[in-house]
Amino acid sequence: MANQEIEDAVSRAIEEAPPRNFTESVDIAINLRDLDLNDPNNRVDEGIVLPRGTGQETRIVVFAEGETALRAEEVADSVLDSDALSELGEDTDAAKDLAGETDFFVAEASMMQDIGRFLGTVLGPRGKMPTPLQPDDDVVEVVNRMKSTVQLRSGERRTFHTLVGSATMEPEDIADNIDVIIRRLEASLEKGPLNIDSIYVKTTMGPTMEVA
């Protein structure tokens, strides 16, 4: 369970946000310090499963064939086979559109080499190369887990953002999500919490509130 200070900050961020005619997301901004982010080894790049979910629609595309493709159709937004993959490789604009509108890709491990050949230059720079699906993996379980996953990626920037929920969620649930992210971040950084300068929470268009 998250501490009360995080929950209070989330409550204020939601309560003080001006009314909107759409459901706002809730995000955190993370500010790092004392890290040389020119060195790729120091950059943050992790997928984190939020225990309370994202409160948002997450679009997932699966590259698969046969029985795996049939099962993936139950849970994925789109399932693409080898023929569709090669067609995308010949249509860069369509590949870019797909990358832009998709949150996560999953692919059977046997298709990863062709995905690298056809789509590597599109998906790689966007940090969206597929999660490989091993023969023993349950595609339904993997896709459902990824629907609650957010990507924590700093690149070369000391300040970066990530989704932690929706303004329609309970503040305590969003706070639990933030707590998991902070703990994971502290565990992955060289100096732990000492590498975190500050963390703020806000709705899409609302005020920022400091949480750490």
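Helices (H or I, at least four residues) and strands (E, at least two) are DSSP runs, numbered from the N terminus. The structure is a predicted model, in which local features need pLDDT of at least 70, side-chain atom pairs count only at pLDDT 80 or more, and totals for chains, interfaces and linings use all residues. Residues are numbered from 1 along each chain as its sequence is written, while side-chain values use heavy atoms, with hydrogens and water left out.

**View 1. Asp 34 in the loop between strand 1 and strand 2.**
The residue to look for here is Asp 34, which has a positive phi of about 55° although it is not a glycine. Its place in the chain is the loop that lies between strand 1 and strand 2. With a relative accessibility of 54%, Asp 34 counts as exposed, where exposed stands for over 50% relative accessible area, buried for under 20%, and partly exposed for values in between (1.4 Å probe, protein chains only).

**View 2. The open sheet of four strands in the order 8-1-9-10.**
The four strands of this open sheet are paired in the antiparallel sense, and two strands are said to pair if DSSP finds at least two bridges between them. Strand 8 and strand 10 (209-210) stand at the edges, and each has a single partner strand, so one side of each is left without a neighbour in the sheet. Further in, strand 1 and strand 9 run antiparallel and are joined by seven bridges. A reader who wants a point of reference along this pairing can start from Ile 28, whose bridge partner in strand 9 is Val 201.

**View 3. Strand 2 beside strand 7.**
Strand 2 and strand 7 run antiparallel, and five bridges join them. One place to find this pairing is at Ile 48, which has Val 150 of strand 7 as its bridge partner. In a regular strand the side chains alternate between the two faces of the sheet. Strand 2 follows this with a contrast in burial, since Glu 46 and Ile 48 point to one face and are buried, whereas Asp 45, Gly 47 and Val 49 point to the other face and are not buried.

**View 4. Strand 3 and its parallel pairing with strand 5 and strand 4.**
On one side of the description, strand 3 is joined to strand 5 by four bridges, and the two strands run parallel; Phe 104 in strand 5 is the bridge partner of Ile 60. Strand 3 also pairs in the parallel sense with strand 4 (residues 78-80), here over three bridges, and Val 62 stands opposite Val 79 of strand 4. The side chains of strand 3 (residues 60-63) point two ways, Ile 60 and Val 62 one way and Val 61 and Phe 63 the other, yet all of them are buried.

**View 5. Helix 7 and the elements around its buried residues.**
Helix 7 (residues 171-188) has 18 residues and reaches 26 Å from its first C-alpha to its last, which is close to the 26 Å expected at 1.5 Å a residue, the expected span being 1.5 Å times one less than the number of residues. Its buried residues include Pro 171, Ile 174, Ala 175, Ile 178, Ile 181, Ile 182 and Leu 185, and also Asp 176, Asn 177 and Asp 179. The buried residues of helix 7 pack against helix 1 (4-15), strand 1 (25-32), strand 2, strand 7, strand 8 and strand 9 (196-203), with contact taken as heavy atoms within 4.5 Å.

**View 6. Helix 1 and what covers its buried residues.**
The twelve residues of helix 1 should span 16 Å at 1.5 Å a residue, and the end C-alpha atoms are indeed 16 Å apart, which agrees. Ile 6, Ala 9, Val 10, Ser 11 and Ala 13 are the buried residues of helix 1, and what covers them includes helix 7, strand 9 and strand 10.

**View 7. Two partly exposed helix residues, Ser 86 and Arg 145.**
Ser 86 is found in helix 3 (residues 82-89) and is partly exposed, with a relative accessible area of 23%. Although Ser 86 and Ile 115 are 29 residues apart in sequence, their C-alpha atoms are 8.7 Å apart in space. Arg 145 lies in helix 6 and, at 39% relative accessibility, counts as partly exposed. For Arg 145 and Gly 53 the separation is 92 residues in sequence and 9.3 Å in space, taken from C-alpha to C-alpha.
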